[in-house]
Structure formats: C-alpha cells, structure tokens
Amino acid sequence: MYINRLLLLAAGAFLIFFPAFENWIINSEVAWYRPWQFWLVIVVAAYWNQQSRYPDEL
C-alpha cells in the first residue's frame with residue numbers, strides 16, 4: 001500500500017501539535033465554523049491523495 005509522503009508528514013505534524021489544534025478548534029466560542037474547516041481540510045486531503053494515485057484496475 002502506497003502512502004503519500006506529504007500526507008504522512010501532515011499526519012505526523014498533526015499528532016505533534018494536537019494540543020494546539022484542539023485549543024484552536026474547540027475553545028473559541030465565536031468561531032463556530034472552525035471544526036467544519038478542519039473536516040473540510042481532511043476531506044480535501046483524502047480526495048487529493050486518491051486523485052494522485054493510478055487506478056489498480058484498467
């Protein structure tokens with residue numbers, strides 16, 4: 001199974017900086033849209049990762 005290096009690096013950075021991300025996402029009562037932005041980034045990254053791969057079957 002091929003794992004995109006950039007996506008693996010982003011996942012590692014997320015794990016390292018998770019407390020700061022959690023503080024930014026959850027503890028702001030004014031910016032209610034921040035969790036939605038976070039999930040949108042995850043969906044776009046997954047789509048981009050699958051788009052750059054060649055299909056297994058032709």
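Read along the sequence, the protein chain follows the pattern α-α-α, and in this predicted model the chain accordingly contains three helices and zero strands. The helices referred to below are helix 1, covering residues 5-16, and helix 2, covering residues 18-26, together with helix 3, which spans residues 34-51. Of the 58 residues in the protein chain, 9% count as buried. The accessible surface of the chain amounts to about 5,700 Å², and carbon and sulfur atoms account for 70% of that area.

A nonpolar patch on the surface is formed by Ile16, Phe17, Phe18 and Phe21, which together present about 410 Å² of accessible area. Within this group, Phe17 is found in the loop between helix 1 and helix 2. Since membership of such a patch requires over 30% relative accessible area and the absence of a salt bridge, the patch residues Ile16, Phe17, Phe18 and Phe21 each satisfy both conditions.

The analysis of open space in the model identified a largest pocket with a volume of about 420 Å³. Of the 14 residues that line this pocket, those closest to its centre are Ala10, Phe14, Phe38, Val41 and Ile42. The elements that contribute two or more residues to the lining are helix 1, helix 2 and helix 3. In terms of residue class, the lining comprises 13 nonpolar residues and one polar residue, with no charged residues.

Several positions in helix 3 were examined individually, with regard both to their accessibility and to their separation from residues elsewhere in the sequence. Pro35 has its place in helix 3, and it is classed as partly exposed because its relative accessible area of 30% falls between the limits of 20% and 50%. Pro35 and Ile25 stand 10 residues apart in sequence, with a C-alpha to C-alpha separation of 5.8 Å in space. Trp36 also lies in helix 3; its relative accessible area is 61%, and Trp36 is therefore exposed, the cut-off for that class being over 50%. The distance from Trp36 to Ile25, again taken from C-alpha to C-alpha, is 9.3 Å, for a sequence separation of 11 residues.

Further along helix 3 lies Ala45, for which a relative accessible area of 22% was computed, so that this residue counts as partly exposed rather than buried, a class reserved for values under 20%. Ala45 and Ala10 are 35 residues apart in sequence, yet their C-alpha atoms are 9.7 Å apart in space; Ala10 is also among the residues closest to the centre of the largest pocket. Gln50 is likewise located in helix 3 and, because its relative accessibility is 49%, counts as partly exposed, exposure proper requiring a value over 50%. Between Gln50 and Asn4 there is a separation of 46 residues in sequence, whereas the corresponding C-alpha to C-alpha distance in space is 9.5 Å.

Key. Residues numbered from 1 in each chain as written. Predicted model: local features only at pLDDT ≥ 70, side-chain atom pairs only at ≥ 80, totals over all residues. Heavy atoms only, no water. Patch = residues over 30% accessible without salt bridge, like charges linked within 9 Å, V, L, I, M, F, W, Y side chains within 5 Å. Areas by Shrake-Rupley, 256 points an atom, 1.4 Å probe, with all protein chains shown as cover. Salt bridge = Lys/Arg side-chain N within 4 Å of Asp/Glu carboxyl O. Helix = DSSP H or I, 4+ residues; strand = E, 2+ residues; numbered from the N terminus. 1 Å grid on protein atoms, 1.4 Å probe; cavity = no way out; pocket = protein on both sides within 12 Å on 5 of 7 lines; lining within 4 Å. Points joined across faces, edges and corners; volume = space filled by probe spheres on them. Nonpolar A, V, L, I, M, F, W, Y, C, P; charged D, E, K, R; others polar. Buried < 20%, exposed > 50% of the residue type's maximum accessible area, 1.4 Å probe, protein only.
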